[in-house]
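Here are my notes from going through the model you sent. Have it open alongside while you read.

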Amino acid sequence: MVILVVEDSSTMRQLLCHALRRIEGIVLVEAADGVEALQRLSEIRPDVVLTDLNMPNLDGFGLIEAMRAREDVKTVPVIMLTTEGALPDRARGDALDVAAYVTKPIKPDAIVAAVKQVYETRR
Amino acid sequence: MKSVLLVDDSAFVGTVLGDMLRELGIAVHVARDLWDLERWDGKPDLVLMDVVLQEAFGDDIASLFRVTRDWQAPVMLLSSLPDAELATRASEAGLDGFISKRIGFEAITERVRALLDAPSRRLPELGDVAFDVMARQRVRRVSHIAAHAEYWNAAGIIAELHALVGDAELIGETAIAELALAARVAVEAESAGPTRAVVAAIDVLARKLGVTTTHKTLLIVETGDYYRRSLLAPLDAADHLVLEARSLAEARQKLRAAHYDLILLDAEFERRDPSIRHEIDAHVPNAPIAVINDAEKTVEPARLVAQWERLMR
């Protein structure tokens with residue numbers, strides 16, 4: 001299973017990757033914002049993208065919009081990380097087919113469960 | 001001089017405990033979130049780590065930083081979670097123990113002093129600590145989230161109430177701690193949206209704190225803690241809700257999280273990060289912006305509040 005982890009905080013990226021390494025056979029690719037994620041998506045084809053919402057240069061919604069417009073990655077499922085007290089625009093998320101939301105503070109078990117569930121459902 | 005890194009998203013805890021430890025001659029660096037933490041590369045003699053932070057859990061962060069940042073200093077969890085849970089979290093993360101916030105500021109300060117073997121001194125009085133202002137602002141935030149179905153997020157409300165329980169217990173405001181806990185329990189029982197029970201529990205807490213109404217919602221974009229804090233009391237006294245952003249990333253997140261009647265923008269912040277204007281225009285295109293320059297920072301905050309209220313009409 002290949003997961004692209006998109007998050008601007010290096011600490012959060014490390015925490016997410018640390019949690020996800022519990023999944024056997026997982027391959028993790030990291031990006032610090034939406035622009036870098038789109039570059040990675042030209043090099044690899046992940047099974048799931050796990051992205052933060054608030055990021056510089058290109059945010060989570062912008063990234064998904066760009067993905068949905070690209071033939072090669074338009075169907076890749078996306079899990080979005082959101083901050084407490086600030087629900088993202090669900091209508092926008094639904095229109096972009098966001099597969100799941102995970103609320104911060106992140107719980108390692110919840111991250112692993114969300115990734116496994118989305119991966120199994122979309123196979 | 002011994003030094004402490006205090007990681008806590010409660011401005012109340014950061015201010016009060018930070019000041020009390022400094023009075024003992026201990027250097028204190030306060031980090032309220034990962035952004036603060038990532039920018040600081042000091043070597044403390046002790047780390048005090050809150051558990052429920054905005055982005056991740058303190059025990060997970062401490063465990064990671066032990067490896068990636070080579071943290072050698074002892075790490076103590078500092079939280080109002082039950083002792084048994086704190087003991088388990090500290091042990092599983094390989095940390096050095098915990099200090100419960102329930103024992104109060106003075107006892108915490110004494111524990112830290114003993115851990116650092118710092119000399120004993122008289123502790124400062126707590127008289128001028130603005131617990132009530134911070135508590136009222138928390139309740140205003142909770143009510144704001146609950147009143148806007150589009151922003152309803154039980155996790156956000158639970159986090160605010162959890163922090164309020166902790167703050168209240170720290171200074172022995174047990175009646176407020178109990179009401180905040182009751183409201184938290186009511187919210188935890190719901191996930192679909194704020195029911196009557198949730199609204200009633202929040203109302204009881206609000207009345208206890210003297211919050212009868214909230215007129216306007218403001219966002220202060222400013223990196224200077226001292227000035228930002230000086231604006232809180234007069235804005236709260238005028239029954240306004242104030243959200244704060246200290247970085248572009250935080251501003252971006254907060255701009256999405258509420259409707260604003262006014263944005264207070266530090267001129268220095270904008271000089272350093274001109275893209276803040278673009279962020280504000282993108283998220284709240286119709287909100288008025290009041291730029292605060294150095295000259296205005298010398299004006300009595302109450303007078304500025306009167307000016308800003310004219311802008312919000």
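The points below take the chain contact, then a pocket, then two backbone details.

1. First, a caveat: this is a predicted model, so please read every value below as computed from predicted coordinates.

2. On the contact itself, chain A puts in 23 residues and chain B puts in 25. Interface size is often quoted as the accessible area lost when the parts come together. Here chain A and chain B bury about 2,100 Å² between them, and carbon and sulfur atoms account for 57% of that.

3. What about charge pairs and polar pairs? The rule finds two salt bridges across the interface of chain A and chain B. One to look at is A:Asp59 with B:Arg256, where the closest N and O atoms sit 2.3 Å apart. Polar contacts between the two chains come to six residue pairs, counting pairs with both residues at pLDDT 80 or more.

4. Which helix gives the most to the side of chain A that touches chain B? That would be α1 of chain A (residues 10–20), with five residues. By class, this side of chain A has 11 nonpolar, eight polar and four charged residues.

5. Next, the second largest pocket, with a volume of about 570 Å³. Its lining has 25 residues, and those closest to the centre are A:Pro105, A:Lys107, B:Val52, B:Phe57 and B:Arg89. Both chains are named in that list, then, with A:Pro105 and A:Lys107 from chain A and the other three from chain B.

6. Which elements build that lining? From chain A, β5 (100–103) and α5 (108–122) each supply at least two residues; from chain B, α4 (83–92), α7 (154–170) and α8 (174–188) do likewise. The top contributor is α7 of chain B, with four residues. As for character, the lining divides into 13 nonpolar, 10 charged and two polar residues.

7. A:Pro105 deserves another look, as one of the residues closest to the centre of that pocket. The peptide bond leading into it from A:Lys104 is cis, with omega near 5°. A:Pro105 is placed in the loop between β5 and α5 of chain A, and those two elements each give at least two residues to the pocket lining.

8. One more backbone detail, this time in chain B. B:Asp70 has phi near 55°, a positive value in a residue that is not glycine. Where does B:Asp70 lie? You'll find B:Asp70 in the loop between α3 (58–68) and β4 (75–79) of chain B.

Note on methods:
Residues are numbered from 1 along each chain as its sequence is written. Chains are lettered from A and ligands numbered from 1 in the order in which they are written. This is a predicted model: local features need pLDDT of at least 70, side-chain atom pairs count only at pLDDT 80 or more; totals for chains, interfaces and linings use all residues. Side-chain values use heavy atoms; hydrogens and water are left out. On a 1 Å grid over the protein atoms alone, a cavity is a set of points where a 1.4 Å probe fits but cannot get out, and a pocket is an open set with protein on both sides within 12 Å along at least five of seven lines; lining residues have an atom within 4 Å of a point. Grid points are joined across faces, edges and corners, and a volume is the space filled by probe spheres set on the points. Ala, Val, Leu, Ile, Met, Phe, Trp, Tyr, Cys and Pro count as nonpolar, Asp, Glu, Lys and Arg as charged, and the others, Gly among them, as polar. Contact means heavy atoms within 4.5 Å. Buried area is the accessible area (1.4 Å probe) that two parts lose on being put together, summed over both. A salt bridge is a side-chain nitrogen of Lys or Arg within 4 Å of a carboxyl oxygen of Asp or Glu. A polar contact is a pair of N or O atoms within 3.5 Å; within protein, one must be able to donate a hydrogen and the other to accept it, and residues adjacent in sequence count only if both atoms are side-chain atoms.
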